[in-house]
Amino acid sequence: MRNFHKPGRSSVYATNGMVATSHPLAATEALAILRDGGNAVDAAIAGAVLLGGCEPHMTGLGGDCFALIKPAGSENVIAVNGSGRAPKATSPDTVRSQGVSQIEPGHPASITVPGAVDAFCRMSESHGRLGLDRVLDPAIQYFEQGIPVAPRVAMDFATLVDNLAPSGKAHYLSCGRPFALGERFAMPGQAEVLRRVVKNGRDAFYTGEVAEDMLTALNGIGAVHQLEDF
């Protein structure tokens, strides 16, 4: 047992389930998934997707996903690699020929094909219990209605605003300025994307209008992604 007179955190004990996330809203909704009969995979997907609205500068649908899954009754651990590859039209030699010796954050060559949505869909189908309609519902609702900006997120928004691409400023700024503490940050466009994923699976993200919208934004900043990369 730790010394309670010194700073620190006590161990947490639970009997029916436990969730740890970097934002209380994501943890709350993930626990609700467990209470509704979902399993750890369902809860993890729900929490991870919702974090894309709670902390949009840290994670999101355009990123990657890595997971370790231990099926009930088995000692085997399944590793899921939901990371995206570089687009086919680029290579180390191509980047070097442009005079680039170090890829800085935000450089077009640093942006890979997003693998998270594919991983979420595959894990839900192979190891989940509730289905994407229930699992993605919290994120859809909060993305539509907005999430109050937390103190750390407000600070990060203010310091990272210059990193936004022109196409992103319309979505991540409020009247031309970063969202402030306590203001509701909403992403209705991403809520619609999730509704399409619930209805049509991964193809709703990697083909058609959604993929074309991502390509427009990527190509607008000099990235060489093409539809076939998705």
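This is a short chat about a predicted model and some of its helices, rings and cysteines.

Reader: Let's start with helix H7. Which of its residues are buried?

Author: H7 covers residues 151-160. Its buried residues are Val153, Ala154, Asp156 and Phe157.

Reader: Where do they sit around the helix?

Author: They line one face of H7, because they fall within an arc of 165° when you look down the axis.

Reader: Why would residues that are not next to each other point the same way?

Author: An α-helix has 3.6 residues a turn, so residues three or four places apart point the same way.

Reader: And which exposed residues does the face turned away from the buried side carry?

Author: That face of H7 carries Pro151, Arg152 and Thr159.

Reader: What do the buried residues of H7 pack against?

Author: Three elements. They are helix H2 (40-54), strand E5 (177-178) and strand E6 (184-185).

Reader: OK, rings now. How many aromatic pairs are there?

Author: The count is five. One of them joins Phe157 and Phe185. That pair is edge-to-face, with 5.7 Å centre to centre and 65° between the planes.

Reader: Which parts does that pair tie together?

Author: Phe157 is in helix H7 and Phe185 is in strand E6, so the pair links parts that are 28 residues apart in sequence.

Reader: Are those two buried or exposed?

Author: Phe157 and Phe185 are both buried.

Reader: Got another pair for me?

Author: Try Tyr206 and Phe230. This pair is tilted, at 6.4 Å centre to centre and 50° between the planes. Tyr206 lies in helix H10 (residues 203-206) and Phe230 in the segment after helix H11 (208-220), so the pair ties together parts 24 residues apart in sequence. Both Tyr206 and Phe230 are buried.

Reader: Back to Phe157. Which residues form an aromatic cluster with Phe157?

Author: Tyr172, Phe179 and Phe185 join Phe157 in one aromatic cluster.

Reader: New topic. Where is Thr21?

Author: Thr21 lies in the segment before helix H1 (24-35). Its relative accessibility is 31%, so Thr21 counts as partly exposed.

Reader: What does its side chain reach?

Author: The side chain of Thr21 reaches the backbone nitrogen of Ala27 at 3.4 Å. A polar atom of that side chain also lies 2.6 Å from the backbone oxygen of His23.

Reader: How far is Thr21 from Gly47, going by C-alpha atoms?

Author: Those C-alpha atoms are separated by 7.4 Å. Along the chain, Thr21 and Gly47 are 26 residues apart.

Reader: What about the largest nonpolar core? Which residues touch the most other members?

Author: The core has 50 residues. Those touching the most other members are Ile45, Val49, Met123, Leu136, Leu194, Val197 and Phe205. Helix H2 gives the largest share of this core, eight residues.

Reader: Pick Val49. What is Val49 in contact with?

Author: Leaving aside neighbours within four places in sequence, Val49 contacts Leu61, Phe120, Leu136, Ala139, Phe143 and Leu194.

Reader: Last topic, cysteines. How many disulfides does the whole structure have?

Author: Zero.

Reader: Why is Cys54 not bonded to Cys65?

Author: Cys65 has the closest cysteine sulfur, but that sulfur is 17 Å from the sulfur of Cys54, too far for a bond. Cys54 counts as buried, because its relative accessibility is 4%.

Reader: How far is the nearest cysteine sulfur from Cys121?

Author: It is 11 Å away, in Cys65, and Cys121 is in no disulfide. At 12% relative accessibility, Cys121 counts as buried.

Note on methods:
Residues numbered from 1 in each chain as written. Predicted model: local features only at pLDDT ≥ 70, side-chain atom pairs only at ≥ 80, totals over all residues. Heavy atoms only, no water. Buried < 20%, exposed > 50% of the residue type's maximum accessible area, 1.4 Å probe, protein only. Helix = DSSP H or I, 4+ residues; strand = E, 2+ residues; numbered from the N terminus. Arc of directions from axis to C-beta. Contact = heavy atoms within 4.5 Å. Phe/Tyr/Trp six-rings, centres within 6.5 Å; stacked < 30°, edge-to-face > 60°. Polar contact = N/O pair within 3.5 Å; in protein donor to acceptor, adjacent residues only side chain to side chain. Core = buried A, V, L, I, M, F, W, Y, C linked by side-chain atoms within 4.5 Å. Disulfide = S-S within 2.5 Å.
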